Amino acid sequence: MTRFINWTAADLEKSDDWIFVLEPEVVDEIIEQSQRLAHLSTDLLSIDQSKFKLSENASNAFRQAIEKSQKDYSLALIRGFPADRLNEQEFRVACWGVGLYMGLVRPQNVAGDLITDVRNANTGKYRVVNGRGYNTNSELDFHIDSGDVVLLFCRREAKSGGQSLVANPFTVAQHLLEEDPRNEVFLKHQYPFSLGGFKVDSKEHYMSPLLEDEPGRSAFRINIKNIINGSIQSGITVPQEYMDFLYKFQNLAGSAPFCYRMYLKQGDIQILSNFRTIHSRTAFEDYEEPDMKRHLIRLWLCLSNSQPLPESWRTPYANIEPGALRGGYRVEVDPRYHDFAKKQCQALGIRV
Ligand SMILES: [Fe+2]
């Protein structure tokens, strides 16, 4: 019997109802607003919906994609964002601007950044305690981000590699349970997850199972790098057979028929639920010219139509109620964020 939302890569390949193409009029609006506000690209908190104005038609296009990410495959793709017609500053403003109509931006790192550049900064520090993958060119472990959804806006593609991988963790879990019902023990084990450099109640880690399958609240979490770091930080050993299971799960998630592989093209916006999909990326090679290097802009958004979460998600998300203000790093942010967030929550209907 199928216990979970059971789609595979083949379902995504067969259907295109999760792909949205922007109409030319919508693209023109975005270009106009972004060029007009480009001088504010380093002061994005000063841009709200009253400054970055989108028509009902344009804002609907983005809202539809967000709605899609909360049902069916728990993801969506928008095509035709005008990456080729905007310079870097304008593009940054465009990402921020359309984000205002989808959700509330949440902090993505210990510095409290509300918008981040996903590109190789040659730090080479992914597989270390508090290392982050988004500023390296490394292959990443399957993981989730924080925020209800993660959005990647593609500005420049890699010379080679950098393939985006998405899997439905519930289908993988279902497969493993059919293979051996005793795998439930591994899926429900309490693993120490690192908080990735920030602290909650002076703790650097929290305990969580991979799988939570309470109806209506189902959510899945995996990140081998964070579990290894959480184990180091907490002193809690993860027995070898549990580690073996994590790698087995990750390898399955990355293989057919579970893994959907795609190259994000210039102008694509990928939207993924952090509760019902897991994602990864293959290693990549860049072009030599600085402005040709792979470059994505990332937003973590809190949504008004988000699902309720299981109790074990309270520490990392702060709030498990549906449609509530939650997710992201709980760190110090630009003091203006407080007022900005209040206005955004009001405009979008996010519960504070
Ligand atoms: Fe990620």
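Let me start with Pro169, which counts as buried because 27 C-beta neighbours fall inside 10 Å, where 20 or more are enough for that label; please keep in mind throughout that we are looking at a predicted model. Pro169 belongs to helix H5, which covers residues 169–179, and, leaving aside residues up to four places away in sequence, Pro169 touches Phe220, Ile222, Ala253 and Ile278. There is also a pair to point out here, since Pro169 and Ala219 are separated by 50 residues in sequence and yet lie 9.1 Å apart in space, C-alpha to C-alpha.

One of those contacts, Ile278, takes us to strand E14, residues 278–281, in which Ile278 and Ser280 point one way while His279 and Arg281 point the other way, and all are buried. That is the pattern expected in general, as side chains in a regular strand alternate between the two faces of the sheet.

Which strands form the open sheet, and in what order? The order is E12-E7-E14, three strands with antiparallel pairing, and the edge strands are E12, residues 259–262, and E14, each of which pairs on one side only. Neighbouring strands of this sheet are turned against each other by 20 degrees on average, with direction ignored. If we go through the pairings in turn, strand E7, residues 164–167, is joined to E14 by four bridges, the two running antiparallel, and within that pairing Ser164 stands opposite Arg281. E7 and E12 likewise pair in the antiparallel sense over four bridges, and there Ala167 stands opposite Cys259 of E12.

Let me now step back to the domains. The protein chain is divided into domain 1, which comprises 9–167 + 263–348, and domain 2, which comprises 170–250, and the C-alpha centres of the two lie 25 Å apart. The contact between them takes 23 residues from domain 1 and 22 residues from domain 2, and on the domain 1 side the residues that touch domain 2 divide into 14 nonpolar, five polar and four charged.

Next, a helix pair. In general, two packed helices are described by the angle between their axes and the distance between the axes. Here helix H2, residues 24–36, packs against helix H4, residues 88–99, at an angle of about 115 degrees and with the axes 8 Å apart, and the crossing is right-handed. H2 contributes Ile30, Gln33, Ser34 and Gln35 to the contact, and H4 contributes Glu90, Val93, Ala94, Gly97 and Val98, a set that divides into four nonpolar, four polar and one charged. Also in H2 is Glu32, which is exposed, with 11 other C-beta atoms within 10 Å.

Finally, some backbone details. Most residues other than glycine have a negative phi, and most peptide bonds are trans. Against that background, Ser74, in the loop between helix H3 and strand E2, has a positive phi near 65 degrees, and Ser202, in the loop between strands E8 and E9, has a positive phi of about 60 degrees. Which of these two serines is buried and which is exposed? Ser74 counts as buried, with 23 C-beta neighbours inside 10 Å, whereas Ser202 is exposed, with 5 other C-beta atoms within 10 Å. As for the peptide bonds, a cis bond with omega of about 0 degrees joins Ala256 and Pro257, and Pro257 has its place in the loop between helix H8 and E12.

Methods:
Residues numbered from 1 in each chain as written. Predicted model: local features only at pLDDT ≥ 70, side-chain atom pairs only at ≥ 80, totals over all residues. Domains from an automatic or database assignment. Contact = placed C-beta atoms within 7 Å. Nonpolar A, V, L, I, M, F, W, Y, C, P; charged D, E, K, R; others polar. Buried ≥ 20, exposed ≤ 12 C-beta atoms within 10 Å, placed from the backbone. Pairing = 2+ DSSP bridges. Axes fitted to C-alpha atoms, helices over the stretch in contact; angles between N-to-C directions. Left-handed = near helix turned anticlockwise from the far one by under 90°.
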